Amino acid sequence: MKILVFSPGYVGKKIVTGLQNAGHDIESIKVEITDLNAVHAALDASHPDAVLNGAGRRGIPNVDWCETNQISTMRSNTIGALILAQACFEKNIHMVHLGTGCVFYGESPDPAGWKESDHANPQAVYSRTKYAADLILTELPNVAIVRFRMPIDSEPTPENLINKLVKYPKIIDVRNSVTVLDDLVTAVVGIIEKRGVGVFHAVNPGVMAHRDLMKLYTELVDPNHISDWITADALVSTGLAKRIRSNNIMQNIRLRELGIELRPIDIALRDVMEKYARAVHSV
Ligand SMILES: NC(=O)c1ccc[n+]([C@@H]2O[C@H](COP(=O)([O-])OP(=O)(O)OC[C@H]3O[C@@H](n4cnc5c(N)ncnc54)[C@H](OP(=O)(O)O)[C@@H]3O)[C@@H](O)[C@H]2O)c1
């Protein structure tokens, strides 16, 4: 398939590699996604079978950036996503949009976790702009929204959850649904190939405590590393973050319905940490 990828960044580039490995013909483009004419021109020039929206604002160095850059965040995460989806709808092109599981905060109505069909309860600016897009995009018959969170990767980079937790002076002692990036790639490739639409939760089955990740880190990467722990509430009250972070557990029902199975988190986490350790120790 010919797939046009808009603005691949950290996550988009990983997916591009996965799509190429799966034999697809990829074109990457950097076009302002709030510009409908520019988006139409890009689609006319490329004639893709599918589009991946890799663009978005997640906040650099972290999501607190979005709290004081509301307009930029809204333009990229909400308006741009809708404009891109409009252009794809008008040309009957399947579009995969990168959403986030951080639209859910805390306990889910179903003790097994938040479902794709649940209404979310976003709090931070970033989460609100992402969920605002989701609410409209779910009304379009040509769009898949792939929600993932806290990406874990074998490559040591600042965006990797492993690097983040190792660097933090204090780590919140919480349990979450998380996404190993190799599994996100599996999910997105499968959704594009099967032309899946609607919301998909691309989280690894099972729950990961930050303590599980750090335990594996000391076992496989650095036995001398010591972590300091705090509660989730203390993150804001001690000034380490501007706004409470999303912590949650999600179910991935719809991926399974589409015939896409992700690895359980304990297996995927050990695999990715072994690869991470090899990358760190080979430097
Ligand atoms: N990374 C995560 O932890 C995570 C977790 C869950 C969901 N997501 C979602 O995944 C998507 C990609 O995240 P990422 O981590 O790959 O981000 P990234 O590395 O910052 O890449 C995003 C890319 O989008 C571009 N962009 C931003 N606004 C744009 C606009 N209006 N028009 C065109 N291009 C624009 C950026 O360009 P510039 O470089 O010029 O700014 C950048 O190249 C986002 O939608 C994010 O919400 C990310």
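**Notebook: the sheet, the ligand shell and Ser 108**

I began at strand S10 (residues 198-201), which is joined to S5 by four bridges, the two strands running parallel. Before going further I noted for myself that this is a predicted model. Looking for a residue pair that fixes the register here, I found Ala 144 opposite Gly 198 in S10.

I then turned to the other neighbour of S5 and saw that S4 and S5 pair in the parallel sense, with six bridges between them. Following the chain from S4, I passed through helix H4 (residues 125-137) before reaching S5, and I recorded this β-α-β crossover as right-handed. Ala 144 turned up again on this side, as the bridge partner of Val 96.

Next I asked myself how many of the residues of strand S5 (residues 143-148) are buried. The count came to six of six, and I therefore entered the strand as mostly covered, 20 or more other C-beta atoms within 10 Å being the cut-off for buried. I also sorted its residues by direction: Val 143, Ile 145 and Arg 147 point one way, while Ala 144, Val 146 and Phe 148 point the other way, and all are buried. I set beside this the general rule that side chains in a regular strand alternate between the two faces of the sheet.

With these pairings in hand I wrote out the whole sheet, which is open, has six strands in the order S2-S1-S3-S4-S5-S10, and shows parallel pairing. Its edge strands are strand S2 (25-29) and S10, each of which pairs on one side only. On average, neighbouring strands of this sheet are turned by 20 degrees against each other, direction ignored.

At the S2 end I looked up strand S1 (residues 2-6), which runs parallel to S2 and is joined to S2 by five bridges. Two of the partners I noted in S2 are Ser 28, which bridges to Val 5, and Ile 29, which bridges to Phe 6. H1 packs on the sheet, where this helix touches S1, S2, strand S3 (50-53) and S4, and its direction makes about 160 degrees with that of S2. Taken together, S1, H1 and S2 form a β-α-β unit that I marked as right-handed. I also checked helix H6 (residues 181-194), which lies across S1, S3, S4, S5 and S10 and runs at about 170 degrees to S5.

I moved on to the ligand, and wanted to know which of the 23 residues around the ligand come nearest. They are Gly 9, Tyr 10, Val 11, Gly 56 and Ser 76. Two or more residues of the shell come from each of helix H1 (10-21), helix H3 (70-90) and strand S4 (94-100). Sorted by class, I listed seven nonpolar, nine polar and seven charged residues in this shell.

My last entry is on Ser 108, which I located in the loop between S4 and H4. Is Ser 108 buried or exposed? I put Ser 108 down as partly exposed, because 17 other C-beta atoms lie within 10 Å. Leaving aside residues up to four places away in sequence, I found that Ser 108 touches Gly 113, Trp 114, Asp 118, Asn 248 and Ile 249. I also took the C-alpha to C-alpha distance from Ser 108 to Ser 237, which is 24 Å for a pair 129 residues apart in sequence.

Note on methods: Residues numbered from 1 in each chain as written. Predicted model: local features only at pLDDT ≥ 70, side-chain atom pairs only at ≥ 80, totals over all residues. Near = placed C-beta within 6 Å. Nonpolar A, V, L, I, M, F, W, Y, C, P; charged D, E, K, R; others polar. Buried ≥ 20, exposed ≤ 12 C-beta atoms within 10 Å, placed from the backbone. Pairing = 2+ DSSP bridges. Right-handed = clockwise from strand over helix to strand, strands pointing away. Axes fitted to C-alpha atoms, helices over the stretch in contact; angles between N-to-C directions. Contact = placed C-beta atoms within 7 Å.
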